[in-house]
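Q: I'm new to reading protein models, and I'd like to zoom in on just one part of this one. Could you walk me through a single helix and what sits around it?

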Amino acid sequence: MAVAELESRSALKNIERFSVAEMLRQIIESYSPLIEKKSIRLDVSIKGSNHFVTGERLLIHQTLSNLLINAIDFSPEGGIIEIQLDGD
């Protein structure tokens, strides 16, 4: 989705309840080849059991993906990325 399209929106679309933990696992899996290529160690801590949010899945996915890709891009080879999710 283009940034201009996102910025011009006045309301959320397709609001649903979903697991951020599961989304995070999928995002990490999709970037695992790049993480391995840079020999980055990924330390993921998912605590608690309530990892559900209500919102627009696509926007949250894009946000989390952007955060991870930025961390990968700006981490040195052999670096460490820490991700913590607390569901309580």
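A: Let's take helix α2 and then look at what surrounds it. Keep in mind that this is a predicted model.

Start with the length. Helix α2 covers residues 20-37, which makes 18 residues. At 1.5 Å a residue, those should span 26 Å, and the end C-alpha atoms are indeed 26 Å apart, so the two values agree. That doesn't rule out a bend, though: α2 has a kink of about 55 degrees at tyrosine 31. Look a little further along and you'll find a proline, proline 33, shortly after the kink.

Now for the two ends. At the N-terminal end, serine 19 acts as a cap, with a side-chain oxygen 3.4 Å from the backbone nitrogen of alanine 21. After the helix comes serine 39, in the loop between α2 and β2. Most residues other than glycine have a negative phi. Serine 39 isn't a glycine, yet its phi is positive, about 55 degrees. As for its surroundings, serine 39 has a relative accessible area of 46%, so it counts as partly exposed. If you want another case to look for, asparagine 14 isn't a glycine either and has a positive phi of about 50 degrees. You'll find asparagine 14 in the loop between α1 and β1, and its relative accessibility is 62%, so it counts as exposed.

Next, which residues of α2 are tucked away? The buried ones are Val20, Ala21, Met23, Leu24, Ile27, Ile28 and Ile35. The parts covering them include the strands β1 (15-19), β2 (41-47), β3 (52-56) and β4 (80-86), along with helix α3 (57-74).

In soluble globular proteins, nonpolar side chains tend to be buried together. Here, the largest nonpolar core has 14 residues, and the members touching the most others are Ile28, Ile40, Leu68, Ile72, Ile81 and Ile83. Helices α2 and α3 and strand β4 each supply at least two residues of this core. The largest share comes from α2, with 7 residues.

Isoleucine 83 is a nice place to see how things meet. Leaving aside neighbours within four places in sequence, isoleucine 83 is in contact with Leu24, Ile28, Leu42, Asp43, Val44, Ser45 and Leu68.

Finally, turn to α3, one of the parts covering α2. Helix α3 also has its length checked: with 18 residues, it reaches 26 Å from first C-alpha to last, close to the 26 Å expected. Its buried residues are Ser65, Leu68, Ile69 and Ile72. Seen down the helix axis, these fall within an arc of 100 degrees, so they line one face of α3. On the other side of α3, Leu67 and Phe74 are exposed. The buried residues of α3 pack against α2, β2 and β4.

Serine 65, in α3, brings us back to where we began. Its relative accessibility is 7%, so it counts as buried. Apart from neighbours within four places in sequence, serine 65 is in contact with Ile27 and Tyr31. You've already met both: Ile27 is among the buried residues of α2, and tyrosine 31 is where the helix kinks.

Definitions and conventions:
Residues are numbered from 1 along each chain as its sequence is written. This is a predicted model: local features need pLDDT of at least 70, side-chain atom pairs count only at pLDDT 80 or more; totals for chains, interfaces and linings use all residues. Side-chain values use heavy atoms; hydrogens and water are left out. Helices (H or I, at least four residues) and strands (E, at least two) are DSSP runs, numbered from the N terminus. The expected span of a helix is 1.5 Å times one less than its number of residues. The bend at a residue is the angle between axes fitted to the seven residues ending there and the seven starting there. Buried means under 20% relative accessible area, exposed over 50%, partly exposed in between (1.4 Å probe, protein chains only). Contact means heavy atoms within 4.5 Å. A polar contact is a pair of N or O atoms within 3.5 Å; within protein, one must be able to donate a hydrogen and the other to accept it, and residues adjacent in sequence count only if both atoms are side-chain atoms. A nonpolar core is a set of buried Ala, Val, Leu, Ile, Met, Phe, Trp, Tyr and Cys residues joined through side-chain atoms within 4.5 Å. The arc is that of the directions from the helix axis to the C-beta atoms.
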